[in-house]
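Trainee: I'm new to this one, so could you walk me through it?
Mentor: Sure, have a look first and then ask away.

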Amino acid sequence: MQDSKSLDEISQACGVGAGGRGGGRGGQPEGRRATISSALELEGTVSHEGDLTNFITKNLEQKIKLNLADCSGPIYRGRAPTRRPADIPPIDPTVLLDLQRHTQEVAHSVEMMMRSLNGTIQNMTALSVGYIQTYRDSVDSLGESVDMSIKGMYTLMARCEELDRSMQPIHTLAAQIRDIKRTLDSLEALCK
């Protein structure tokens with residue numbers, strides 16, 4: 001129904017004849033719809049999808065520029081109220097140029113932001129790689145230190161075992177010294 005209303009508004013604005021009233025969709029005349037579609041096809045592309053009618057105009061930018069130059073007031077849907085020149089401010093024809101300039105500035109700012117973001121991400125990646133390499137080196141060094149400590153501990157244990165074996169004669173000598181001391185104590189006791 002909205003599609004039919006839009007076509008009626010276009011037909012009234014363009015002054016297209018209605019043709020005969022037929023049994024069209026939503027009570028709208030098929031002749032008028034066909035005539036409006038034909039008139040619109042001269043200005044662009046018309047396509048129908050169910051109850052929806054799509055219109056794509058040709059040379060949109062040129063038509064906007066012409067309308068901005070010709071327009072002297074706001075655009076109204078449906079019936080336009082009577083316009084009084086004192087109430088309607090004039091439209092600046094340089095709006096599109098300002099819009100283009102601002103769009104270029106925004107695009108330049110986005111490009112600079114993307115470059116900065118790219119540089120920051122590269123720095124962060126390089127820093128992360130440095131951290132990972134330092135961590136890897138410290139883990140390798142710690143592993144080597146632990147291996148050396150374990151080897152040193154086994155060497156110390158082997159030396160201690162060798163020392164214990166070499167001390168066996170000292171235990172025998174200590175037993176003999178104890179026997180001599182006991183004998184001396186006995187002789188001293190007899191001499192008194």
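What follows is a short chat about strands, salt bridges, a surface patch and cysteines.

Mentor: Before you start, this is a predicted model, where local features need pLDDT of at least 70, side-chain atom pairs count only at pLDDT 80 or more, and totals for chains, interfaces and linings use all residues. Residues are numbered from 1 along each chain as its sequence is written, and side-chain values use heavy atoms, with hydrogens and water left out.

Trainee: How many bridges join strand β1 to strand β2?
Mentor: Strands are DSSP runs of E with at least two residues, helices are runs of H or I with at least four, and both are numbered from the N terminus. Two strands pair if DSSP finds at least two bridges between them. Here β1 (residues 44-49) and β2 (residues 52-57) run antiparallel, with Gly44 opposite Thr57 and Glu49 opposite Leu52. The number of bridges joining them is six.

Trainee: Which residue in the turn of the hairpin has a positive phi?
Mentor: β1 and β2 form that hairpin, with two residues between them. The phi in question is about 65 degrees, and it belongs to Gly50.

Trainee: Which residues are linked with Arg101 in a network of salt bridges?
Mentor: A salt bridge puts a side-chain nitrogen of Lys or Arg within 4 Å of a carboxyl oxygen of Asp or Glu. Arg101 meets one partner at 3.7 Å, N to O, and that partner is separated from Arg101 by about one helical turn because the two are three residues apart in helix α4. Arg101 meets another at 3.3 Å, and here the pair is four residues apart in α4, so again about one helical turn. The partners are Asp98 and Glu105.

Trainee: Which helix holds Met157 of the nonpolar surface patch?
Mentor: Patches take residues with over 30% relative accessible area and no salt bridge, joining like charges within 9 Å and nonpolar side chains (Val, Leu, Ile, Met, Phe, Trp, Tyr) within 5 Å. This patch covers about 720 Å² (Shrake-Rupley method, 1.4 Å probe, only the protein chains shown count as cover), and Leu142 and Val146 are among its members. Met157 lies in residues 95-166, which is helix α4.

Trainee: Is Cys191 buried or exposed?
Mentor: Buried means under 20% relative accessible area, exposed over 50%, and partly exposed in between (1.4 Å probe, protein chains only). Cys160, at 44%, is partly exposed. Cys191 is at 71%, so Cys191 counts as exposed.

Trainee: How many disulfides does the whole structure have?
Mentor: A disulfide is a pair of cysteine sulfur atoms within 2.5 Å. Searching the whole structure gives a count of zero.
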